[in-house]
Amino acid sequence: MSSRSTLISNAGAVIAAQGMRGLSLRAVAERAGISLGSLNYQIGDRAALVEAVIADGCETLAAWHDGWLARLAGVALDEPAVLASIILAYLEDAAAQQPHLAISLAELLVWAGQQPGGVAGFAPVVAEHDRFWTAALGDHPDGARLAAAIGGYCRDEIVFTLALRHLPEYRLLRDATVARLAAGFAPTGPFRDDALFDRLVAAAAGPAAGVSAAPELATEKRAAIAGWAADVIEAQGVAALTHRAVAAVGKVSASTIVHHFGPKDELLRAGLEAQYRRMTGAFAAAADHHRDVDAARSGRVVLWLTHIVALEAVRDPTFIPYAIDMRRRRSENVRAMISRAISGGPDLDRAAIQAAVIAALGVVLDDDALGRDGWARSAAFQQRIALRQR
């Protein structure tokens, strides 16, 4: 009989390989080579299994963090260049040395945020990240505010490091944003010219050329099908998108979906585009009519979806262009709003705003996972992570 720890480890491996949608007692039992009844006896139901995986992941994370704290003993992180190097090394080490842990915790973070009221059991994971960065910063004069900001940044950035770290343009963009993060969002480090930063963004999006181009949705039927595809993606994830699944949502035949959207990648583009249109429409409505709840809902879905697509890109390289494109467009949609929320104006340069966006969205992910409405609390970002222009 497999030990409890082995069964939990197998469950984490299933999540890393297939995502939360693939996690079931049967899948874990088959991977462990035991009967379903035996697994149920040792662990319990699926909820108990998820709780055990979260607790085990937190324990493994804490041990890995302790190794990092030993490595950083005696290193003063009050110099921005040193701190930036540590943040980048931390992300790279997570992706290279702890990929299954990073992937499974990222999957669980998004999943927890999608549950009504969040998942209380995820609180120790969030607290562990806070513990690590607070301890690592030690006596740093801005340690309290930077610990929350860096933790949020890493929570959002890790999925892209996992999926895109082989792309030089992505690494250059990440280096520029981390430099601003480490400097308290001051305009220091590489690519201080906004035009140069924008050119780098365009270069990074090069492999995604054409992905963001919306399929022609001029006909009412194509627009409706795109909306059904968006519903499937939101409810079940991008891996679940098929012509048959979309047909089931629309209560039409699969041949109808094939007729209007032949290749699956065209259907995927249409579904992702529909999600973006929902978000941008909700943001516009919120600005005009103060319907912040609608904007929060649409923005949250796109935030989750961007992580889901990036995690799929880790498993399947054909999703990489979509991950790049969604990262870019997500930032464009919320950049102005977050810049105003954290600085009261357009004083931050483009790289600093990008760093602030990523840090803020990481805070939203944490809050949603714990049942706190992080997006609606975006006006409190300045107090939460105290982002101020120096």
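**Exercise 1.** How do the residues of the lining of the largest cavity divide into nonpolar, polar and charged?

*Solution.* The model is a predicted one.
Step 1: find the cavity. There are 2 cavities of 30 Å³ or more in the structure, and the largest cavity holds about 250 Å³ of space.
Step 2: locate its centre. The lining consists of 19 residues, and Ala 102, Leu 105, His 129, Arg 155 and Ile 158 are the closest to the centre.
Step 3: sort the lining by class. The result is 15 nonpolar, 2 polar and 2 charged residues.

**Exercise 2.** Find which helix gives the largest share of the lining of the largest cavity.

*Solution.* Step 1: list the helices that supply at least two lining residues each. They are α4 (46-72), α5 (80-97), α6 (99-114), α7 (123-137) and α8 (143-164).
Step 2: pick out the largest share. It comes from α6, with 5 residues.

**Exercise 3.** Determine which side chain of opposite charge is nearest to Asp 93, and how far away it is.

*Solution.* Step 1: place the residue. Asp 93 sits in helix α5 and is buried.
Step 2: list its contacts, leaving aside neighbours within four places in sequence. These are Trp 64, Trp 68, Arg 71 and Gln 98.
Step 3: check the distance. Arg 71 is the nearest side chain of opposite charge, at 4.3 Å. A salt bridge requires a separation within 4 Å, so none is counted for Asp 93.

**Exercise 4.** State how many helices and strands the protein has.

*Solution.* Step 1: count the elements. The protein has 18 helices and 0 strands.
Step 2: add the burial. Of its 390 residues, 55% are buried.

Definitions and conventions
Residues numbered from 1 in each chain as written. Predicted model: local features only at pLDDT ≥ 70, side-chain atom pairs only at ≥ 80, totals over all residues. Heavy atoms only, no water. 1 Å grid on protein atoms, 1.4 Å probe; cavity = no way out; pocket = protein on both sides within 12 Å on 5 of 7 lines; lining within 4 Å. Points joined across faces, edges and corners; volume = space filled by probe spheres on them. Helix = DSSP H or I, 4+ residues; strand = E, 2+ residues; numbered from the N terminus. Nonpolar A, V, L, I, M, F, W, Y, C, P; charged D, E, K, R; others polar. Buried < 20%, exposed > 50% of the residue type's maximum accessible area, 1.4 Å probe, protein only. Lys, Arg positive; Asp, Glu negative; His and termini not counted. Contact = heavy atoms within 4.5 Å.
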